[in-house]
Amino acid sequence: MAKIFNRLCIHTITTKPWSIEEATEHYLAIGVKGMTVWREALAGRQPFKVGERLLTAGIEVVSLCRGGFFPSASLSLRQKNIDENFKALEEAAALNAPHLVLVCGAEPNQSLEASREQILAGIETILPRAEALNVKLAIEPLHPMYADTRSAINTLGQANDLAEKIDSPMVGVAVDVYHLWWDPMLENEIRRCGNNGHLLAYHICDWKYPVEDILNDRGLMGEGCIDISKISQWIAATGFNGYHEVEIFSNRYWTMDQQQFLRKIIKAYQDLS
Ligand code: ZN
């Protein structure tokens, strides 16, 4: 069982009703050693102290979620977004997180092309700070249903193009099955980012149907139509040996007993393997 859990990570938002201290205790008790920390979980805490506590407890911080949201029609708001990313990078470094996940953002009052230019400019602006802090930037493409306000980067091909254009060892991509499962180019694009060292993170959950809420109705693995095992094989074929990160936003699961939910996560993950 320990072997199976070696690469299992859970995002703090998956068990949102728990504080990060409760999540630490419960993840450890069930054998989960990886945690991706959402910035909300740090509220009212000093990130370096949280990082120290996690290290002492034996939990590895897999990444910090999230930075990004670069585009805006207003220059002053774009600067504000950059400042927020600087803050997120400082938090990631304090936590000892190897990378910051970027949800790139989109501004519905301008073209997707304009948003993409601002995303490129935004990443290039924060890159020197990321280098100085030794925190990588993981561009996470989002499903096209979020192209209005959340991300103008909607396929792994676009994320790969962007990472290759920036061409820095500090910039890569995050693959999330929820956003990318439908893409006929997915296998090729996973191979592409794996081959050039850009594959930084792998997020899993499922696409249940019908989706009742486009933000907060993600399914537990095995509950929907994503062939997660197949995608995991493509990921493994690149030589990726990072964590499989369970990232589920769900109004249904957030209202159930979280210990019971955690047990369901473990079972669903074991059933995949
Ligand atoms: Zn994700």
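In the predicted model, Glu247 is buried, its relative accessible area being 2%. His203 is likewise buried, at a relative accessible area of 0%. Both residues belong to the set of protein donors of the zinc ion, which comprises Glu140 (OE), Asp176 (OD), His203 (ND1) and Glu247 (OE) at distances of 2.0 to 2.2 Å from the metal. The angles among the four donor atoms range from 82 to 161°, and the site is accordingly classed as irregular. Along the sequence, the donor residues follow the spacing E-x35-D-x26-H-x43-E. His203 is located in strand E7 (residues 199-204), whereas Glu247 occupies the loop between strand E8 (244-246) and helix H10 (251-254); the pair therefore ties together parts that lie 44 residues apart in sequence.

The overall dimensions of the protein chain were examined next. For 273 residues, a compact globule would be expected to have a radius of gyration near 19 Å, and the value of 18 Å computed for the protein chain agrees with this. Taken along the principal axes, the C-alpha atoms fill a box of roughly 45 × 45 × 35 Å. The secondary structure consists of eleven helices and eight strands. Of the 273 residues, 54% are buried. Among contacts with a separation of 6 or more, 79% join residues 24 or more positions apart.

The interior contains a largest nonpolar core of 79 residues, in which Val37, Ile123, Leu137 and Ile139 have the most contacts. Apart from this core lies another, of six residues, including Trp38, Cys65, Val101 and Phe249. Within the largest core, the surroundings of Ile139 may be described in detail. When residues up to four places away in sequence are not counted, Ile139 touches Leu102, Cys104, Ile123, Ile153, Ala159, Leu162, Ala163, Val171, Gly172, Val173 and Ala174.

Helix H3 (residues 47-57) provides a further example of packing. Its buried residues are Pro47, Val50, Gly51 and Leu54. Viewed down the axis of H3, these residues fall within an arc of 100°, so they line one face of the helix. The buried residues of H3 pack against helix H2 (20-30) and helix H4 (75-95), as well as against strands E2 (34-38) and E3 (60-68). Just after H3, Gly58 adopts a positive phi of about 95°.

How values were computed: Residues numbered from 1 in each chain as written. Predicted model: local features only at pLDDT ≥ 70, side-chain atom pairs only at ≥ 80, totals over all residues. Heavy atoms only, no water. Buried < 20%, exposed > 50% of the residue type's maximum accessible area, 1.4 Å probe, protein only. Helix = DSSP H or I, 4+ residues; strand = E, 2+ residues; numbered from the N terminus. Arc of directions from axis to C-beta. Contact = heavy atoms within 4.5 Å. Core = buried A, V, L, I, M, F, W, Y, C linked by side-chain atoms within 4.5 Å. Donors = N, O, S within 2.8 Å, 3.2 Å for Na, K, Ca; no water. Tetrahedral: all angles 85-135°; square planar, octahedral: opposite > 155°, others 65-115°. Rg over C-alpha atoms; globule rule 2.2 N^0.38 Å.
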